[in-house]
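These are my notebook entries on one protein structure. I set down what I looked up, in the order in which I looked it up.

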Amino acid sequence: MTEGPAPSLDSEITWLLHRAAQRMHVVTGEQAERHGLHLRDYIVLSALDKTPGLTQVELARALGLDKTTLMTQLDRLEQGDLVVRHSAPHDRRLRIPAITTAGEEVRARVAHDSEEAERNAMAGFSQAEVDTFRRMLFAIIGTAVDPGSCL
């Protein structure tokens, strides 16, 4: 592990959240790589699993990715038979990506392994503390769709 600036208890919340997200990205990214995916691939597959029916533009907005970056991700996932794209029934110009059975299988394996890795990363906390932390994060996120990405 590379040494870097160390946060402390009096660090800004934004800095702490950033560092925590970096740590969880590493933990989850390692699990994705064990299954032949990049972390961003896994996140796109998870988004397709949790919010089916979004157009490519809506999916890009929800993930905070620009269209070009998302198209590259979808191209790679489609080449691996993990995603298919269909025309929207109300407008054939719009494309709707969907997770395939193979995509769902690999997504589920990564999710299972990631849950274990997350539990290990948060082993020093009680379940009540983890639940409180999740509620706090959910409250911070709210319903906002923020521009930009931390992917």
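The entries below go from the whole chain to single residues.

**Entry 1: the whole chain**

I note at the outset that this model is predicted. I looked up the secondary structure and found 6 helices and 2 strands. Read along the sequence, these elements follow the pattern α-α-α-α-β-β-α-α. I then took the extent of the C-alpha trace, which spans about 55 × 30 × 30 Å along its principal axes.

**Entry 2: surface, contacts and charge**

I looked up how much of the protein is buried: of its 151 residues, 29% are. The accessible surface comes to about 10,200 Å², and carbon and sulfur atoms account for 57% of that surface. Next I turned to contacts between residues at least 6 apart in sequence; 53% of these join residues at least 24 apart. For the charges, I recorded 17 positive and 22 negative ones, with mean positions 5 Å apart.

**Entry 3: helix α3**

Which residues of α3 are buried? In this helix, residues 56-63, I found Gln 56, Leu 59, Ala 60 and Leu 63 to be buried. Viewed down the axis of α3, the buried residues fall within an arc of 100°, so they line one face of the helix. I recalled the general rule here: an α-helix has 3.6 residues a turn, so residues three or four places apart point the same way.

I then asked what covers the buried residues of α3. The cover includes two helices, α2 (39-50) and α4 (67-79), and also the strands β1 (83-88) and β2 (91-99). Just after α3, I noted that Gly 64 takes a positive phi of about 70°.

**Entry 4: the two strands**

I looked up how β1 and β2 are arranged. They pair in the antiparallel sense, over 6 bridges, and form a hairpin with 2 residues between them. As one example of a bridge, I recorded that His 86 has Ile 96 in β2 as its partner.

**Entry 5: Thr 55**

Thr 55 lies in the loop between α2 and α3. Is Thr 55 buried or exposed? Its relative accessible area is 9%, and under 20% counts as buried; Thr 55 is therefore buried. I next listed its contacts, leaving aside neighbours within four places in sequence. Thr 55 is in contact with Leu 94, Arg 95, Ile 96 and Pro 97. Ile 96 is also the bridge partner of His 86, as recorded in Entry 4.

**Entry 6: Met 71**

I found Met 71 in helix α4. Met 71 has a relative accessible area of 21% and is partly exposed. Which residues does Met 71 touch, not counting those up to four places away in sequence? I found Gln 56 and Arg 85. Gln 56 is one of the buried residues of α3. Along the chain, Met 71 and Gln 56 are 15 residues apart, and their C-alpha atoms are separated by 7.9 Å.

**Entry 7: Asp 81**

I closed with the loop between α4 and β1, where Asp 81 has its place. Most residues other than glycine have a negative phi. Asp 81, although not a glycine, has a positive phi of about 60°. I also looked up its accessibility: Asp 81 has a relative accessible area of 53% and is exposed.

Terms used
Residues are numbered from 1 along each chain as its sequence is written. This is a predicted model: local features need pLDDT of at least 70, side-chain atom pairs count only at pLDDT 80 or more; totals for chains, interfaces and linings use all residues. Side-chain values use heavy atoms; hydrogens and water are left out. Buried means under 20% relative accessible area, exposed over 50%, partly exposed in between (1.4 Å probe, protein chains only). The arc is that of the directions from the helix axis to the C-beta atoms. Contact means heavy atoms within 4.5 Å. Two strands pair if DSSP finds at least two bridges between them. Accessible areas come from the Shrake-Rupley method with a 1.4 Å probe; for residues, only the protein chains shown count as cover. Lys and Arg count as positive and Asp and Glu as negative; His and the chain ends are not counted. The place of a charge is taken as NZ of Lys, CZ of Arg, CG of Asp or CD of Glu.
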